Amino acid sequence: MEKDSWWTAPAESEDGHLIMVTGNRDVAKFRSNPRFTIRVEVTWKYTPDATGMPDTATSEMMEKVQDILQAEFKKDPVAVLTGIFTGDGKRDWVFYTLSTHIFGRKLNELLAPLPLLPLTVYCENDPSWEAYDEMCQAEIKLD
């Protein structure tokens, strides 16, 4: 992750647990492309520690997964990672993509060498990037 283009802010889950929200500011070229209308959420549920965060080994594997995905999508920009939510026993990576088919194929190919991971994938159409704008409210609250 290029540090200057990312921000991190605390937020709360519906039941009051800490969620660390990390957002990508460098999305203009994707957002202005009318083909990037599909929001994809990749979720990894884990056993949380007392603060709701993952243990060190889980956190390290999550970083490895994230690095693999970001490197690929930098090289072949069919998706962009826009946000990361960590806490309350789960991590959500949020992407916007132009194709669920291509995204799913790449996800499976890239993660195939790793052990089986407890990932679920949810997709929705979000042509106006409403979920992204909502996530950015966490950064605004810091100002």
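Here is a walk through this structure, from its cores to its largest pocket and then to a few single residues. Keep in mind that the model is predicted.

Let's start on the inside. In soluble globular proteins, nonpolar side chains tend to be buried together. Here, the largest nonpolar core has 22 residues, and the ones that touch the most other members are Val65, Trp93, Phe95 and Phe103. If you want to trace where this core comes from, look at strand E3 (38–45), helix H2 (56–75), strand E4 (79–87), strand E5 (90–97) and helix H3 (100–111), each of which gives two or more residues to it.

Phe103 makes a good place to pause. Leaving out residues up to four places away in sequence, Phe103 touches Val40, Val42, Phe73, Ala79, Phe95 and Thr97. Apart from the largest core lies another one, made of 15 residues, including Trp7, Val80, Val94 and Trp129.

Now for the empty space. Rolling a probe the size of a water molecule over the atoms shows where such space is left. The largest pocket holds about 720 Å³. Its lining counts 27 residues, and the closest to the pocket's centre are Glu12, Ile19, Val21, Phe85 and Glu134. Which elements build that lining, with at least two residues each? They are strand E1 (6–12), strand E2 (18–24), E3, E4, E5 and helix H4 (130–142). H4 supplies the largest share, seven residues. As for character, the lining is a mix of 11 nonpolar, five polar and 11 charged residues.

Next, a quick look at cysteines. The count of disulfides comes to zero. Cys136 counts as buried because its relative accessibility is 15%, under the 20% cut-off. Cys123, at 36%, lands between 20% and 50%, so Cys123 counts as partly exposed.

Finally, meet two serines. Ser5 sits in the segment before E1. Is Ser5 buried or exposed? With a relative accessibility of 12%, Ser5 counts as buried. Setting aside residues up to four places away in sequence, Ser5 touches Gly23, Asn24, Arg25 and Asp26.

Ser13 is found in the loop between E1 and E2. Ser13 is buried too, its relative accessible area being 15%. Beyond its neighbours within four places in sequence, Ser13 is in contact with Ile19 and Asp88. Asp88 is 75 residues from Ser13 along the chain, yet their C-alpha atoms are separated by 7.3 Å. As for Ile19, you have met it already, among the residues closest to the centre of the largest pocket.

Technical notes
Residues are numbered from 1 along each chain as its sequence is written. This is a predicted model: local features need pLDDT of at least 70, side-chain atom pairs count only at pLDDT 80 or more; totals for chains, interfaces and linings use all residues. Side-chain values use heavy atoms; hydrogens and water are left out. A nonpolar core is a set of buried Ala, Val, Leu, Ile, Met, Phe, Trp, Tyr and Cys residues joined through side-chain atoms within 4.5 Å. Buried means under 20% relative accessible area, exposed over 50%, partly exposed in between (1.4 Å probe, protein chains only). Helices (H or I, at least four residues) and strands (E, at least two) are DSSP runs, numbered from the N terminus. Contact means heavy atoms within 4.5 Å. On a 1 Å grid over the protein atoms alone, a cavity is a set of points where a 1.4 Å probe fits but cannot get out, and a pocket is an open set with protein on both sides within 12 Å along at least five of seven lines; lining residues have an atom within 4 Å of a point. Grid points are joined across faces, edges and corners, and a volume is the space filled by probe spheres set on the points. Ala, Val, Leu, Ile, Met, Phe, Trp, Tyr, Cys and Pro count as nonpolar, Asp, Glu, Lys and Arg as charged, and the others, Gly among them, as polar. A disulfide is a pair of cysteine sulfur atoms within 2.5 Å.
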